[in-house]
Amino acid sequence: MSNLMNNSIYILIISIFLINIENKTYAKDKIEKKQEIDTIFINIQPRTPFFIYKKNDSKPSDGVAYHLLIKILNSANVKYEFNNIPMVRTLVLMKKNKTKVCYPNALMIKSRMSYVYYSRPYFKDKKTSILLRKDDNRFK
């Protein structure tokens, strides 16, 4: 009887130990997921003069829209991360609605308005001017 009692105590101690380890692991995963949820992923394309990358950099370092976004996000105390991801993949992420994704270059189109939130425009560009020769017939 005492042998059975000793074995059950050992089993109980091992069970408590395993449950405790599992809870700590679960709590760590939960914290990491919370940090990921709090971060807004800003998916952009390197387009001069809006977002400019230096050689061998994975994140933008200059650009007109870049500086505006940094100013807006820092004043709002928002955690953010820039990613170089194409618009098509970003739109798929937005449709899934599992991560906080922002694509600052997207045009406002009716079909996107069903699953995407648009902010007020934060940047307005001037019209593009092209200089040509009069005798160049490639352009009308």
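A nonpolar core is a set of buried Ala, Val, Leu, Ile, Met, Phe, Trp, Tyr and Cys residues joined through side-chain atoms within 4.5 Å. In this predicted model, the largest such core has 10 residues. Its members are I42, I44, F51, Y53, A65, Y66, L69, I70, L73 and F82. Helix α2 (64-75) and strand β1 (40-44) each supply at least two of these residues. The largest share, five residues, comes from α2. Apart from this core lies another, of five residues. Among them are L91, M94, Y103 and V116.

The chain as a whole can be described briefly. It contains three helices and three strands. From the N terminus on, these elements run α-β-α-β-α-β. The chain has 140 residues, and 19% of them are buried. About 12,300 Å² of the chain is exposed. Carbon and sulfur atoms supply 59% of that area. Among contacts in the chain with a separation of 6 or more, 53% join residues 24 or more positions apart.

The strands come next. Three strands form an open sheet, in the order β2-β1-β3. The pairing is parallel. Strands β2 and β3 (101-102) stand at the edges, and each has a single partner strand. One side of each is therefore left without a neighbour in the sheet. Strand β1 pairs with β2 (residues 80-84) over five bridges, in the parallel sense. Between β1 and β3 there are two bridges, again in the parallel sense. Individual residues mark how the strands line up. I40 stands opposite Y80 in β2. N43 stands opposite N83, also in β2. On β3, V101 is the residue opposite F41. Together, β1, α2 and β2 make a right-handed β-α-β unit.

Strand β1 deserves a closer look. Four of its five residues are buried, so the strand is largely enclosed by the rest of the structure. One of the core residues, I42, illustrates its surroundings. Neighbours within four places in sequence are left aside here. I42 is then in contact with L69, L73, Y80, E81, F82, N83, C102 and P104. Of these contacts, L69 and L73 lie within the span of α2 (64-75). Y80, E81, F82 and N83 fall within β2 (residues 80-84). C102 belongs to β3 (101-102). I42 thus touches α2 and both edge strands, because its contacts include residues of each.

Helix α3 (residues 87-96) holds two residues of contrasting exposure, T90 and K95. Which of the two is buried, and which is exposed? T90 is buried, because its relative accessible area is 1%, under the 20% limit. K95 is exposed, because its relative accessible area is 57%, over the 50% limit. The side chain of T90 makes a polar contact with the side chain of N43, at 3.1 Å. Residues up to four places away in sequence are not counted in the next list. T90 touches N43, I85, V101 and Y103. One of these, Y103, is a member of the five-residue core. Another, V101, is the residue of β3 that stands opposite F41. K95 and V116 are 21 residues apart in sequence. Their C-alpha atoms are 7.7 Å apart in space. V116 is also one of the residues of the five-residue core.

A loop residue completes the account. R47 has its place in the loop between β1 and α2. Is R47 buried, exposed or partly exposed? R47 is partly exposed, because its relative accessible area is 45%, between the limits of 20% and 50%. R47 and A65 are 18 residues apart along the chain. Their C-alpha atoms are separated by 9.9 Å. A65 is itself one of the residues of the largest nonpolar core.

Definitions and conventions: Residues are numbered from 1 along each chain as its sequence is written. This is a predicted model: local features need pLDDT of at least 70, side-chain atom pairs count only at pLDDT 80 or more; totals for chains, interfaces and linings use all residues. Side-chain values use heavy atoms; hydrogens and water are left out. Buried means under 20% relative accessible area, exposed over 50%, partly exposed in between (1.4 Å probe, protein chains only). Contact means heavy atoms within 4.5 Å. Accessible areas come from the Shrake-Rupley method with a 1.4 Å probe; for residues, only the protein chains shown count as cover. Two strands pair if DSSP finds at least two bridges between them. A crossover is right-handed if, with the strands pointing away from the viewer, the path from the first strand over the helix to the second runs clockwise. A polar contact is a pair of N or O atoms within 3.5 Å; within protein, one must be able to donate a hydrogen and the other to accept it, and residues adjacent in sequence count only if both atoms are side-chain atoms.
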